[in-house]
Amino acid sequence: MLELEGLSCRFGETVAVAEVSLRVPEGQMLGIIGRSGAGKTTLLRMINRLQEPSAGAIRFHGQEITRLRGKALRRWRAQCAMIFQHFNLIPRLDVLTNVLMGRLFYRSEMASLLGLFAASERALALELLERHGLLETALKRAGTLSGGQQQRVAICRALMQEPRLILADEPVASLDPRNAQLVMDALRRISREDGISVLVNLHDLRIARSYCDRIVALSAGRVVFDGAPDALTESRAREIYGAPDEESPAFETSHPFAVV
Amino acid sequence: MASPEEIETAWRARRRARLFWFAFGTVAFFAAFAISAQVAELSPAALIAGAPRMGAYFGQLIPDLRWPVLFAGAETPGSLAYWFYRLDIWLRLLLETSQMAALATLLGAGLALPLSFFASANLVSPRLAFTTRRLFDCLRSIPDIVYALVLVWAFGVGPLAGILAIMLHTLGALGKLLADVVENADLRAREALIAAGGSWLQATRFAVLPQVLPNFLSYALLRFEINVRGATVIGVVGAGGIGQELYAVISFNYYQEISAIVVLIILTVSVIDLASEWLRSRAMSLQ
(Lines give C-alpha, C1' and ligand atoms only; values in the text may rest on other atoms or scores of the structure.)
Protein backbone atom coordinates (compact mmCIF):
# COMPACT_ATOMS: atom_id res chain seq x y z
CA MET A 1 0.00 0.00 0.00
CA LEU A 2 1.39 3.34 -1.13
CA GLU A 3 0.01 6.39 0.65
CA LEU A 4 0.52 9.98 -0.38
CA GLU A 5 -0.62 12.61 2.07
CA GLY A 6 -0.80 16.29 1.23
CA LEU A 7 2.14 15.91 -1.16
CA SER A 8 3.21 19.25 -2.67
CA CYS A 9 6.04 20.58 -4.76
CA ARG A 10 6.81 24.22 -5.42
CA PHE A 11 9.39 25.62 -7.84
CA GLY A 12 9.77 29.19 -6.62
CA GLU A 13 6.36 30.78 -7.12
CA THR A 14 5.05 27.98 -9.32
CA VAL A 15 3.10 25.20 -7.66
CA ALA A 16 3.73 22.02 -9.64
CA VAL A 17 1.89 19.61 -7.34
CA ALA A 18 -0.58 20.81 -4.70
CA GLU A 19 -1.60 18.68 -1.73
CA VAL A 20 -2.10 15.38 -3.49
CA SER A 21 -3.42 12.59 -1.25
CA LEU A 22 -3.79 9.08 -2.67
CA ARG A 23 -3.88 5.47 -1.47
CA VAL A 24 -2.73 2.90 -3.97
CA PRO A 25 -3.39 -0.75 -3.01
CA GLU A 26 -1.13 -3.67 -4.06
CA GLY A 27 -1.38 -4.72 -7.66
CA GLN A 28 -3.40 -1.72 -8.82
CA MET A 29 -2.75 -0.22 -12.22
CA LEU A 30 -3.27 3.49 -11.67
CA GLY A 31 -3.34 5.85 -14.63
CA ILE A 32 -2.50 9.49 -13.97
CA ILE A 33 -3.82 11.77 -16.68
CA GLY A 34 -3.81 15.49 -17.33
CA ARG A 35 -2.54 18.11 -19.76
CA SER A 36 1.18 18.63 -20.07
CA GLY A 37 2.33 20.81 -17.20
CA ALA A 38 -0.37 19.44 -14.88
CA GLY A 39 2.26 18.00 -12.52
CA LYS A 40 2.13 14.32 -13.50
CA THR A 41 5.89 13.94 -13.96
CA THR A 42 6.74 15.88 -10.79
CA LEU A 43 4.35 13.67 -8.80
CA LEU A 44 6.06 10.45 -9.98
CA ARG A 45 9.54 11.88 -9.47
CA MET A 46 8.69 12.83 -5.89
CA ILE A 47 7.62 9.26 -5.09
CA ASN A 48 11.03 8.02 -6.28
CA ARG A 49 12.67 11.01 -4.53
CA LEU A 50 14.32 12.21 -7.75
CA GLN A 51 12.45 15.38 -6.84
CA GLU A 52 12.26 16.53 -3.23
CA PRO A 53 8.71 17.31 -2.05
CA SER A 54 8.12 20.75 -0.53
CA ALA A 55 5.54 19.37 1.88
CA GLY A 56 3.56 16.24 2.64
CA ALA A 57 4.31 12.60 3.31
CA ILE A 58 4.91 9.44 1.28
CA ARG A 59 4.42 6.13 3.07
CA PHE A 60 4.96 2.63 1.71
CA HIS A 61 3.64 -0.15 3.96
CA GLY A 62 3.84 2.32 6.82
CA GLN A 63 7.46 3.30 6.13
CA GLU A 64 8.05 7.05 5.84
CA ILE A 65 9.81 7.64 2.51
CA THR A 66 10.36 11.41 2.54
CA ARG A 67 13.05 11.27 5.22
CA LEU A 68 15.15 8.41 3.79
CA ARG A 69 18.81 9.14 3.16
CA GLY A 70 21.91 7.36 1.89
CA LYS A 71 21.69 3.58 1.64
CA ALA A 72 18.07 3.48 2.81
CA LEU A 73 17.10 5.93 0.05
CA ARG A 74 18.92 3.81 -2.53
CA ARG A 75 17.08 0.72 -1.24
CA TRP A 76 13.76 2.54 -1.72
CA ARG A 77 14.73 3.57 -5.23
CA ALA A 78 15.61 -0.03 -6.05
CA GLN A 79 12.19 -1.07 -4.74
CA CYS A 80 10.22 1.40 -6.84
CA ALA A 81 11.43 1.04 -10.39
CA MET A 82 11.07 3.92 -12.82
CA ILE A 83 10.32 3.82 -16.53
CA PHE A 84 10.96 6.93 -18.62
CA GLN A 85 9.46 8.41 -21.77
CA HIS A 86 12.84 8.37 -23.49
CA PHE A 87 13.81 4.92 -22.13
CA ASN A 88 17.08 6.27 -20.65
CA LEU A 89 19.16 3.24 -21.57
CA ILE A 90 22.93 3.46 -21.99
CA PRO A 91 23.11 3.45 -25.80
CA ARG A 92 26.72 2.29 -26.09
CA LEU A 93 26.40 -0.71 -23.79
CA ASP A 94 24.82 -3.99 -24.80
CA VAL A 95 21.24 -4.84 -23.89
CA LEU A 96 22.22 -7.49 -21.32
CA THR A 97 24.44 -5.03 -19.40
CA ASN A 98 21.65 -2.46 -19.52
CA VAL A 99 19.26 -4.96 -17.93
CA LEU A 100 21.87 -5.88 -15.31
CA MET A 101 21.97 -2.21 -14.29
CA GLY A 102 18.79 -3.02 -12.37
CA ARG A 103 20.99 -4.93 -9.91
CA LEU A 104 23.30 -2.03 -9.04
CA PHE A 105 21.87 -1.58 -5.56
CA TYR A 106 22.24 -5.28 -4.73
CA ARG A 107 25.88 -5.58 -5.83
CA SER A 108 28.84 -4.42 -3.79
CA GLU A 109 30.20 -1.13 -5.06
CA MET A 110 33.59 -2.58 -6.07
CA ALA A 111 32.23 -5.63 -7.90
CA SER A 112 29.69 -3.57 -9.81
CA LEU A 113 32.25 -0.96 -10.85
CA LEU A 114 34.28 -3.73 -12.48
CA GLY A 115 31.15 -4.85 -14.28
CA LEU A 116 30.97 -8.08 -12.29
CA PHE A 117 27.52 -9.61 -11.97
CA ALA A 118 26.62 -13.06 -10.71
CA ALA A 119 25.80 -15.84 -13.17
CA SER A 120 22.39 -16.11 -11.51
CA GLU A 121 21.76 -12.42 -12.24
CA ARG A 122 22.70 -12.89 -15.89
CA ALA A 123 20.39 -15.90 -16.03
CA LEU A 124 17.51 -13.83 -14.60
CA ALA A 125 18.23 -11.00 -17.04
CA LEU A 126 18.20 -13.38 -20.01
CA GLU A 127 14.98 -14.98 -18.74
CA LEU A 128 13.34 -11.54 -18.59
CA LEU A 129 14.59 -10.66 -22.06
CA GLU A 130 13.26 -13.96 -23.38
CA ARG A 131 9.87 -13.34 -21.78
CA HIS A 132 9.71 -9.99 -23.58
CA GLY A 133 10.82 -11.40 -26.90
CA LEU A 134 14.18 -9.66 -26.81
CA LEU A 135 16.57 -12.55 -26.25
CA GLU A 136 18.28 -12.27 -29.64
CA THR A 137 19.08 -8.60 -28.98
CA ALA A 138 20.94 -9.36 -25.71
CA LEU A 139 24.42 -8.71 -27.12
CA LYS A 140 23.49 -5.80 -29.38
CA ARG A 141 24.12 -2.22 -28.39
CA ALA A 142 21.01 -0.75 -26.80
CA GLY A 143 21.28 2.35 -29.02
CA THR A 144 20.75 0.28 -32.17
CA LEU A 145 17.33 -1.02 -31.06
CA SER A 146 13.99 0.47 -32.09
CA GLY A 147 12.13 2.67 -29.63
CA GLY A 148 9.65 -0.05 -28.75
CA GLN A 149 12.42 -2.57 -28.13
CA GLN A 150 14.33 -0.06 -26.00
CA GLN A 151 11.30 0.60 -23.82
CA ARG A 152 10.83 -3.15 -23.30
CA VAL A 153 14.51 -3.44 -22.38
CA ALA A 154 13.87 -0.63 -19.86
CA ILE A 155 10.98 -2.68 -18.45
CA CYS A 156 13.32 -5.68 -18.08
CA ARG A 157 15.80 -3.42 -16.28
CA ALA A 158 13.00 -2.29 -13.96
CA LEU A 159 11.99 -5.90 -13.25
CA MET A 160 15.64 -6.78 -12.47
CA GLN A 161 15.27 -4.47 -9.49
CA GLU A 162 12.66 -6.88 -8.07
CA PRO A 163 10.46 -3.84 -7.54
CA ARG A 164 7.42 -3.61 -5.27
CA LEU A 165 6.15 -0.61 -7.21
CA ILE A 166 6.62 0.63 -10.78
CA LEU A 167 6.47 4.29 -11.78
CA ALA A 168 6.11 4.82 -15.53
CA ASP A 169 6.37 8.38 -16.82
CA GLU A 170 4.70 8.62 -20.25
CA PRO A 171 6.10 5.19 -21.23
CA VAL A 172 4.41 5.10 -24.64
CA ALA A 173 4.47 8.77 -25.66
CA SER A 174 7.49 8.23 -27.97
CA LEU A 175 6.23 4.99 -29.49
CA ASP A 176 4.11 3.98 -32.46
CA PRO A 177 0.73 2.33 -31.69
CA ARG A 178 1.93 -1.24 -32.16
CA ASN A 179 4.88 -0.81 -29.80
CA ALA A 180 2.77 1.22 -27.38
CA GLN A 181 0.42 -1.74 -27.16
CA LEU A 182 3.27 -4.18 -26.42
CA VAL A 183 4.59 -1.91 -23.67
CA MET A 184 1.18 -1.28 -22.09
CA ASP A 185 0.38 -5.03 -22.24
CA ALA A 186 3.66 -5.74 -20.45
CA LEU A 187 2.90 -3.20 -17.71
CA ARG A 188 -0.60 -4.57 -17.17
CA ARG A 189 0.74 -8.13 -17.02
CA ILE A 190 3.23 -7.07 -14.35
CA SER A 191 0.51 -5.54 -12.21
CA ARG A 192 -1.88 -8.47 -12.65
CA GLU A 193 0.50 -11.41 -12.42
CA ASP A 194 3.17 -10.15 -10.03
CA GLY A 195 0.83 -8.05 -7.85
CA ILE A 196 3.03 -4.98 -8.29
CA SER A 197 1.30 -1.58 -8.24
CA VAL A 198 1.95 0.38 -11.41
CA LEU A 199 1.57 4.16 -11.50
CA VAL A 200 1.56 5.27 -15.10
CA ASN A 201 1.45 8.83 -16.44
CA LEU A 202 -0.45 9.04 -19.69
CA HIS A 203 -1.70 11.91 -21.76
CA ASP A 204 -3.73 9.66 -24.02
CA LEU A 205 -7.12 9.19 -22.37
CA ARG A 206 -8.02 6.20 -24.52
CA ILE A 207 -5.00 4.22 -23.41
CA ALA A 208 -5.67 5.12 -19.79
CA ARG A 209 -9.30 4.02 -20.03
CA SER A 210 -8.58 0.65 -21.60
CA TYR A 211 -5.61 -0.40 -19.43
CA CYS A 212 -6.01 1.11 -15.96
CA ASP A 213 -8.01 -0.10 -12.98
CA ARG A 214 -8.33 3.44 -11.72
CA ILE A 215 -7.74 6.89 -13.13
CA VAL A 216 -6.56 10.00 -11.34
CA ALA A 217 -6.68 13.28 -13.22
CA LEU A 218 -4.46 16.21 -12.32
CA SER A 219 -5.05 19.81 -13.27
CA ALA A 220 -2.68 22.57 -12.16
CA GLY A 221 -1.18 20.12 -9.64
CA ARG A 222 -4.50 19.16 -7.99
CA VAL A 223 -6.49 15.94 -8.16
CA VAL A 224 -9.65 16.77 -10.06
CA PHE A 225 -10.86 13.24 -10.68
CA ASP A 226 -10.28 9.93 -8.91
CA GLY A 227 -12.29 6.92 -9.84
CA ALA A 228 -12.94 3.97 -12.13
CA PRO A 229 -12.36 4.48 -15.87
CA ASP A 230 -16.08 4.10 -16.52
CA ALA A 231 -16.85 7.03 -14.23
CA LEU A 232 -14.76 9.28 -16.43
CA THR A 233 -17.52 10.38 -18.79
CA GLU A 234 -17.01 12.56 -21.80
CA SER A 235 -18.29 15.62 -19.97
CA ARG A 236 -15.97 14.98 -16.99
CA ALA A 237 -13.04 14.61 -19.38
CA ARG A 238 -13.93 17.93 -21.03
CA GLU A 239 -13.91 19.59 -17.62
CA ILE A 240 -10.44 18.19 -16.89
CA TYR A 241 -8.92 19.09 -20.21
CA GLY A 242 -10.80 22.36 -20.57
CA ALA A 243 -12.00 23.63 -23.91
CA PRO A 244 -11.16 21.32 -26.78
CA ASP A 245 -7.91 22.34 -28.43
CA GLU A 246 -4.91 20.59 -29.91
CA GLU A 247 -3.81 19.37 -26.50
CA SER A 248 -6.99 17.57 -25.50
CA PRO A 249 -7.05 13.96 -26.59
CA ALA A 250 -9.75 12.59 -28.78
CA PHE A 251 -12.32 10.92 -26.60
CA GLU A 252 -13.27 7.53 -27.89
CA THR A 253 -14.53 4.49 -26.09
CA SER A 254 -13.16 2.00 -28.58
CA HIS A 255 -9.90 0.14 -27.96
CA PRO A 256 -7.03 2.57 -28.59
CA PHE A 257 -4.99 0.16 -30.68
CA ALA A 258 -7.90 -1.31 -32.61
CA VAL A 259 -6.81 -2.15 -36.13
CA VAL A 260 -9.15 -0.54 -38.63
CA MET B 1 -0.66 41.00 -30.69
CA ALA B 2 2.22 42.13 -32.88
CA SER B 3 1.42 43.09 -36.43
CA PRO B 4 3.64 41.99 -39.36
CA GLU B 5 4.76 45.63 -39.71
CA GLU B 6 5.96 45.72 -36.10
CA ILE B 7 7.88 42.47 -36.54
CA GLU B 8 9.44 43.83 -39.77
CA THR B 9 10.55 46.96 -37.85
CA ALA B 10 11.99 44.86 -35.03
CA TRP B 11 13.79 42.64 -37.53
CA ARG B 12 15.35 45.69 -39.23
CA ALA B 13 16.45 47.04 -35.84
CA ARG B 14 18.07 43.72 -35.03
CA ARG B 15 19.91 43.67 -38.36
CA ARG B 16 21.16 47.23 -37.79
CA ALA B 17 22.44 46.19 -34.35
CA ARG B 18 24.24 43.17 -35.82
CA LEU B 19 25.87 45.31 -38.51
CA PHE B 20 26.97 47.83 -35.89
CA TRP B 21 28.58 45.15 -33.71
CA PHE B 22 30.26 43.56 -36.72
CA ALA B 23 31.80 46.93 -37.71
CA PHE B 24 32.76 47.62 -34.12
CA GLY B 25 34.37 44.16 -33.77
CA THR B 26 36.36 44.62 -37.00
CA VAL B 27 37.73 47.98 -35.89
CA ALA B 28 38.52 46.64 -32.41
CA PHE B 29 40.35 43.66 -33.91
CA PHE B 30 42.66 45.75 -36.07
CA ALA B 31 43.26 48.23 -33.25
CA ALA B 32 44.25 45.40 -30.94
CA PHE B 33 46.50 43.96 -33.66
CA ALA B 34 48.25 47.28 -34.16
CA ILE B 35 48.80 47.76 -30.43
CA SER B 36 50.22 44.27 -29.91
CA ALA B 37 52.45 44.61 -32.98
CA GLN B 38 53.81 47.83 -31.42
CA VAL B 39 54.41 46.11 -28.07
CA ALA B 40 56.01 43.06 -29.67
CA GLU B 41 58.18 45.26 -31.95
CA LEU B 42 56.75 43.48 -34.96
CA SER B 43 57.70 45.79 -37.79
CA PRO B 44 58.29 45.10 -41.50
CA ALA B 45 61.71 46.82 -41.22
CA ALA B 46 62.89 44.39 -38.52
CA LEU B 47 61.67 41.45 -40.61
CA ILE B 48 63.54 42.66 -43.71
CA ALA B 49 66.72 43.34 -41.73
CA GLY B 50 66.71 39.93 -40.00
CA ALA B 51 65.73 37.74 -42.94
CA PRO B 52 69.18 37.55 -44.61
CA ARG B 53 70.85 36.60 -41.31
CA MET B 54 68.29 33.82 -40.90
CA GLY B 55 69.00 32.68 -44.45
CA ALA B 56 72.74 32.62 -43.75
CA TYR B 57 72.24 30.43 -40.66
CA PHE B 58 70.05 27.99 -42.55
CA GLY B 59 72.60 27.96 -45.34
CA GLN B 60 75.22 26.65 -42.94
CA LEU B 61 72.86 23.91 -41.80
CA ILE B 62 72.73 22.38 -45.29
CA PRO B 63 74.86 19.24 -45.17
CA ASP B 64 77.77 18.73 -47.53
CA LEU B 65 76.52 15.81 -49.61
CA ARG B 66 78.23 14.54 -52.77
CA TRP B 67 76.57 12.19 -55.29
CA PRO B 68 79.47 9.81 -56.03
CA VAL B 69 80.01 8.97 -52.34
CA LEU B 70 76.42 9.39 -51.08
CA PHE B 71 76.13 5.80 -49.85
CA ALA B 72 79.73 5.37 -48.76
CA GLY B 73 80.84 4.60 -45.20
CA ALA B 74 80.77 6.93 -42.22
CA GLU B 75 84.46 7.84 -42.71
CA THR B 76 83.93 9.39 -46.17
CA PRO B 77 83.02 13.10 -46.09
CA GLY B 78 80.02 13.82 -48.33
CA SER B 79 78.15 10.60 -47.57
CA LEU B 80 74.80 10.22 -45.76
CA ALA B 81 76.46 8.03 -43.16
CA TYR B 82 79.01 10.79 -42.51
CA TRP B 83 76.16 13.28 -41.96
CA PHE B 84 74.35 10.91 -39.54
CA TYR B 85 77.52 9.54 -37.94
CA ARG B 86 75.96 9.43 -34.49
CA LEU B 87 72.67 7.90 -35.68
CA ASP B 88 72.67 5.10 -33.07
CA ILE B 89 72.99 7.55 -30.17
CA TRP B 90 70.46 9.98 -31.64
CA LEU B 91 67.89 7.21 -32.19
CA ARG B 92 68.32 6.11 -28.58
CA LEU B 93 67.79 9.72 -27.46
CA LEU B 94 64.74 10.08 -29.72
CA LEU B 95 63.34 6.91 -28.18
CA GLU B 96 63.98 8.41 -24.75
CA THR B 97 62.14 11.58 -25.76
CA SER B 98 59.16 9.62 -27.13
CA GLN B 99 59.06 7.51 -23.99
CA MET B 100 59.12 10.64 -21.83
CA ALA B 101 56.14 11.94 -23.80
CA ALA B 102 54.29 8.62 -23.64
CA LEU B 103 54.81 8.17 -19.91
CA ALA B 104 53.92 11.78 -19.13
CA THR B 105 50.77 11.54 -21.27
CA LEU B 106 49.74 8.26 -19.60
CA LEU B 107 50.23 9.67 -16.11
CA GLY B 108 48.62 13.02 -16.88
CA ALA B 109 45.64 11.52 -18.72
CA GLY B 110 45.24 8.84 -16.04
CA LEU B 111 44.88 11.53 -13.39
CA ALA B 112 42.83 13.88 -15.60
CA LEU B 113 40.11 11.29 -16.32
CA PRO B 114 38.90 10.75 -12.72
CA LEU B 115 39.46 14.39 -11.76
CA SER B 116 37.46 15.69 -14.74
CA PHE B 117 34.26 14.22 -13.23
CA PHE B 118 34.80 16.42 -10.18
CA ALA B 119 35.17 19.46 -12.44
CA SER B 120 31.77 18.94 -14.10
CA ALA B 121 28.99 21.06 -12.61
CA ASN B 122 26.37 18.57 -13.76
CA LEU B 123 27.81 15.77 -11.60
CA VAL B 124 29.12 17.49 -8.46
CA SER B 125 28.31 20.62 -6.50
CA PRO B 126 29.06 23.85 -8.39
CA ARG B 127 31.58 24.79 -5.70
CA LEU B 128 33.62 21.59 -6.09
CA ALA B 129 33.45 21.87 -9.89
CA PHE B 130 34.64 25.48 -9.69
CA THR B 131 37.55 24.55 -7.38
CA THR B 132 38.68 21.63 -9.54
CA ARG B 133 38.48 23.74 -12.69
CA ARG B 134 40.62 26.48 -11.11
CA LEU B 135 43.15 23.77 -10.16
CA PHE B 136 43.27 22.72 -13.83
CA ASP B 137 43.69 26.40 -14.81
CA CYS B 138 46.69 26.76 -12.48
CA LEU B 139 48.32 23.58 -13.77
CA ARG B 140 47.67 24.52 -17.39
CA SER B 141 48.71 28.17 -17.30
CA ILE B 142 52.32 27.31 -16.40
CA PRO B 143 54.20 26.07 -19.49
CA ASP B 144 55.85 22.66 -19.11
CA ILE B 145 59.29 24.18 -19.68
CA VAL B 146 58.87 26.31 -16.54
CA TYR B 147 57.92 23.21 -14.55
CA ALA B 148 60.98 21.51 -16.03
CA LEU B 149 63.33 24.30 -14.89
CA VAL B 150 62.05 23.94 -11.32
CA LEU B 151 61.97 20.14 -11.37
CA VAL B 152 65.50 19.83 -12.80
CA TRP B 153 66.63 21.80 -9.77
CA ALA B 154 64.69 19.42 -7.48
CA PHE B 155 65.29 16.04 -9.15
CA GLY B 156 68.53 16.72 -11.01
CA VAL B 157 69.28 16.66 -14.73
CA GLY B 158 67.52 13.79 -16.54
CA PRO B 159 64.24 12.51 -17.96
CA LEU B 160 62.39 12.28 -14.60
CA ALA B 161 62.15 16.06 -14.35
CA GLY B 162 60.88 16.24 -17.94
CA ILE B 163 58.26 13.54 -17.43
CA LEU B 164 56.87 15.21 -14.31
CA ALA B 165 56.87 18.63 -16.01
CA ILE B 166 54.91 17.42 -19.04
CA MET B 167 52.59 15.39 -16.81
CA LEU B 168 51.57 18.43 -14.76
CA HIS B 169 50.81 20.54 -17.82
CA THR B 170 48.97 17.62 -19.49
CA LEU B 171 46.83 17.10 -16.38
CA GLY B 172 45.71 20.72 -16.48
CA ALA B 173 45.07 20.82 -20.22
CA LEU B 174 43.32 17.44 -20.55
CA GLY B 175 41.35 17.87 -17.32
CA LYS B 176 39.67 20.99 -18.67
CA LEU B 177 38.90 19.45 -22.08
CA LEU B 178 37.49 16.28 -20.50
CA ALA B 179 35.39 18.21 -17.99
CA ASP B 180 33.83 20.06 -20.94
CA VAL B 181 33.05 16.72 -22.59
CA VAL B 182 31.51 15.38 -19.38
CA GLU B 183 29.39 18.51 -18.99
CA ASN B 184 27.95 17.93 -22.47
CA ALA B 185 27.13 14.28 -21.78
CA ASP B 186 23.53 13.06 -21.98
CA LEU B 187 22.50 12.40 -18.38
CA ARG B 188 19.20 10.62 -18.98
CA ALA B 189 20.70 7.14 -18.58
CA ARG B 190 22.52 8.35 -15.47
CA GLU B 191 19.24 9.49 -13.95
CA ALA B 192 17.77 6.07 -14.68
CA LEU B 193 20.60 4.37 -12.78
CA ILE B 194 20.15 6.73 -9.82
CA ALA B 195 16.41 5.97 -9.97
CA ALA B 196 17.26 2.25 -9.86
CA GLY B 197 19.17 2.67 -6.59
CA GLY B 198 22.66 3.03 -8.05
CA SER B 199 25.27 5.13 -6.26
CA TRP B 200 26.94 8.28 -7.65
CA LEU B 201 30.01 6.21 -8.55
CA GLN B 202 28.03 3.41 -10.20
CA ALA B 203 25.84 5.78 -12.20
CA THR B 204 28.87 7.77 -13.37
CA ARG B 205 30.85 4.65 -14.24
CA PHE B 206 28.11 3.04 -16.36
CA ALA B 207 26.12 5.95 -17.79
CA VAL B 208 28.74 8.70 -18.25
CA LEU B 209 32.11 6.97 -18.74
CA PRO B 210 31.11 5.00 -21.87
CA GLN B 211 29.89 8.23 -23.48
CA VAL B 212 33.07 10.20 -22.87
CA LEU B 213 35.62 7.42 -23.45
CA PRO B 214 36.03 7.83 -27.25
CA ASN B 215 36.48 11.59 -26.86
CA PHE B 216 38.85 10.97 -23.99
CA LEU B 217 41.04 8.62 -26.08
CA SER B 218 41.06 11.12 -28.93
CA TYR B 219 42.11 14.03 -26.72
CA ALA B 220 44.77 11.93 -24.95
CA LEU B 221 46.31 10.94 -28.30
CA LEU B 222 46.26 14.54 -29.51
CA ARG B 223 47.98 15.51 -26.28
CA PHE B 224 50.57 12.75 -26.90
CA GLU B 225 51.41 14.35 -30.28
CA ILE B 226 51.83 17.73 -28.59
CA ASN B 227 53.90 16.17 -25.80
CA VAL B 228 56.37 14.53 -28.20
CA ARG B 229 57.21 18.01 -29.54
CA GLY B 230 57.15 19.40 -25.99
CA ALA B 231 59.54 16.70 -24.76
CA THR B 232 62.03 17.72 -27.45
CA VAL B 233 62.03 21.33 -26.35
CA ILE B 234 62.08 20.45 -22.68
CA GLY B 235 65.36 18.56 -23.10
CA VAL B 236 67.00 21.93 -23.74
CA VAL B 237 66.76 22.81 -20.04
CA GLY B 238 68.48 19.55 -19.07
CA ALA B 239 65.45 17.31 -18.80
CA GLY B 240 66.90 14.52 -20.95
CA GLY B 241 66.24 13.13 -24.41
CA ILE B 242 67.14 14.45 -27.85
CA GLY B 243 66.54 18.07 -26.80
CA GLN B 244 69.53 18.02 -24.51
CA GLU B 245 71.76 16.82 -27.38
CA LEU B 246 70.23 19.37 -29.77
CA TYR B 247 70.99 22.17 -27.31
CA ALA B 248 74.59 20.97 -27.03
CA VAL B 249 75.23 20.94 -30.80
CA ILE B 250 73.53 24.34 -31.23
CA SER B 251 75.79 25.83 -28.52
CA PHE B 252 78.89 24.40 -30.19
CA ASN B 253 77.75 25.51 -33.68
CA TYR B 254 78.00 21.96 -35.08
CA TYR B 255 75.86 22.99 -38.05
CA GLN B 256 75.64 19.66 -39.85
CA GLU B 257 74.70 17.83 -36.65
CA ILE B 258 71.95 20.37 -35.98
CA SER B 259 70.36 19.66 -39.35
CA ALA B 260 70.78 15.89 -38.93
CA ILE B 261 69.01 15.96 -35.56
CA VAL B 262 66.26 18.30 -36.82
CA VAL B 263 65.59 15.94 -39.76
CA LEU B 264 65.32 13.01 -37.34
CA ILE B 265 62.95 14.93 -35.06
CA ILE B 266 60.70 15.92 -37.99
CA LEU B 267 60.60 12.29 -39.16
CA THR B 268 59.80 10.96 -35.69
CA VAL B 269 57.10 13.54 -34.99
CA SER B 270 55.51 12.91 -38.39
CA VAL B 271 55.40 9.16 -37.89
CA ILE B 272 53.91 9.53 -34.42
CA ASP B 273 51.37 12.10 -35.63
CA LEU B 274 50.28 9.84 -38.49
CA ALA B 275 49.94 6.83 -36.20
CA SER B 276 48.02 8.71 -33.55
CA GLU B 277 45.76 10.37 -36.12
CA TRP B 278 44.85 6.92 -37.39
CA LEU B 279 44.17 5.70 -33.85
CA ARG B 280 42.18 8.84 -33.10
CA SER B 281 39.89 8.41 -36.08
CA ARG B 282 39.31 4.81 -34.96
CA ALA B 283 38.49 5.98 -31.43
CA MET B 284 36.02 8.57 -32.69
CA SER B 285 34.31 6.02 -34.93
CA LEU B 286 33.45 4.10 -31.75
CA GLN B 287 31.04 6.85 -30.89
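**Aromatic close-ups**

B:Phe30 is exposed, with 53% of relative accessible area. That places B:Phe30 over the 50% cut-off, so "exposed" is the right label. Keep in mind for every view here that the model is predicted.

**View 1. An edge-to-face pair in chain A.** Searching the whole structure turns up 12 aromatic pairs over all chains. Here's one of them: A:Phe105 and A:Tyr106 meet edge-to-face, with 5.4 Å centre to centre and 80° between the planes. A:Phe105 has 9% relative accessibility, so it counts as buried. A:Tyr106, at 36%, counts as partly exposed.

**View 2. B:Phe29 and B:Phe30, edge-to-face.** These two rings, B:Phe29 and B:Phe30, have centres 5.2 Å apart and planes at 85°, which is why the pair goes down as edge-to-face. Is B:Phe29 buried or exposed? B:Phe29 is exposed, with a relative accessible area of 51%. Its partner B:Phe30 is exposed too, at 53%.

**View 3. An aromatic cluster in chain B.** Look for B:Phe20, B:Trp21 and B:Phe24 in this one. Together they make up one aromatic cluster.

**View 4. B:Arg134 over B:Phe130.** Which ring does the charged end of B:Arg134 sit over? It's the ring of B:Phe130, and the charged end is 4.6 Å from the ring's centre.

**View 5. B:Arg205 over B:Phe206.** Here B:Arg205 lies over the face of B:Phe206. The distance to the ring centre is 4.2 Å.

Methods: Residues are numbered from 1 along each chain as its sequence is written. Chains are lettered from A and ligands numbered from 1 in the order in which they are written. This is a predicted model: local features need pLDDT of at least 70, side-chain atom pairs count only at pLDDT 80 or more; totals for chains, interfaces and linings use all residues. Side-chain values use heavy atoms; hydrogens and water are left out. Rings of Phe, Tyr and Trp (its six-membered ring) pair if their centres lie within 6.5 Å; planes under 30 degrees apart count as stacked, over 60 as edge-to-face and the rest as tilted. Buried means under 20% relative accessible area, exposed over 50%, partly exposed in between (1.4 Å probe, protein chains only). A charge sits over a ring if NZ of Lys or CZ of Arg is within 6 Å of the ring centre and within 35 degrees of the ring normal.
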